[in-house]
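Q: Could you take me through one part of this model at close range? I'd like to see how the strands fit together and what packs around them.

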Amino acid sequence: NQKQLAIFRHDLRHNYRLISAMVKEGKFQAAIEHIQLQNELLGKTDESDKISANSILNAVILTYQAKAQNLGIKVSVDVQAFEISNEGDFAILLSNLFDNAISASLKQPADLREIFLSIRRADFKISFEISNRCEEILELNEKGLPVWKYGTGMKTLLNFLEKYQAQVKFFQADDWLKISVSWKFEIPAAN
């Protein structure tokens, strides 16, 4: 019907934006994996894999969760169902930080490889946290950001912080590194 077609077009448009951003950033393998996942999801009718009400975020989470698990990394996901207006930008941020968490986890002993992801909405704010094991001590600068050569993930984070007036906090305790990002909730515009 027309409503389902409109939803499909909307989701397709956002998938193209996400893939375009990955290609522009030189993340060709991530773009290929995203396309492959979308092809697989189109063939699925099983709703049991659905993590988020948002198909773009759902695809990103499922892609990186599967990638991590295939590499022997335990992944725990706690995602509250809601829609957001900046889903494309958030999907790119989530992809980059999830990929960073996977890379950091692979540096840990096999029995300590673990990632925890949480996305919640409360009090007109969205909170996103991703944690991974990290025995290496993280040095922070005066702005509370890590002191290292910034790759694409950190550049994406810095751009997101500026664009959405978001806040970020890096925490490290008991060999866990947690990145917490929060920003004001925006109600999606009607299509």
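**A close look at the sheet**

A: Let's start with one pair of residues: Asp78 stands opposite Ser118 in β2. Before going on, a word on the ground rules: this is a predicted model, in which local features need pLDDT of at least 70, side-chain atom pairs count only at pLDDT 80 or more, and totals for chains, interfaces and linings use all residues. Residues are numbered from 1 along each chain as its sequence is written, and side-chain values use heavy atoms, with hydrogens and water left out.

Now to the strands themselves. β1 and β2 (residues 114-122) pair in the parallel sense over 6 bridges; two strands count as paired if DSSP finds at least two bridges between them. Strands here are DSSP runs of E with at least two residues, helices are runs of H or I with at least four, and both are numbered from the N terminus.

Stepping back, 5 strands make up an open sheet with mixed pairing, in the order β1-β2-β3-β5-β4. β1 (74-79) and β4 (167-173) each have a single partner strand, so these edge strands are left with one side lacking a neighbour in the sheet. On average, neighbouring strands of this sheet are turned by 10° against each other, direction ignored.

Back to Ser118, which is found in strand β2. Its relative accessibility is 9%, so Ser118 counts as buried (under 20% relative accessible area; exposed is over 50%, partly exposed in between, with a 1.4 Å probe and protein chains only). Beyond its neighbours within four places in sequence, Ser118 is in contact (heavy atoms within 4.5 Å) with Asp78, Ser127, Phe128 and Glu129.

Next come the helices. Helix α3 (residues 55-70) lies across β1 and β2 and runs at about 160° to β1; such angles run from 0 to 180 degrees between N-to-C directions, with axes fitted to C-alpha atoms, for helices over the stretch in contact. Helix α4 (residues 87-105) also packs on the sheet, where α4 touches β1, β2, β3 (125-133) and β5 (176-184), and its direction makes about 15° with that of β3.

Within α3 you will find Thr63, which counts as buried because its relative accessibility is 11%. The Thr63 side chain reaches the backbone oxygen of Ala59 at 2.7 Å.

Finally, a note on confidence. The protein has a mean pLDDT (the predictor's confidence in each residue, from 0 to 100) of 80, with 78% of its residues at 70 or more. Over residues 1-6, pLDDT stays under 50, and the model has 0 contacts beyond four places in sequence for them. Where pLDDT is low, the predicted coordinates should not be read in detail.

Technical notes
Polar contact = N/O pair within 3.5 Å; in protein donor to acceptor, adjacent residues only side chain to side chain.
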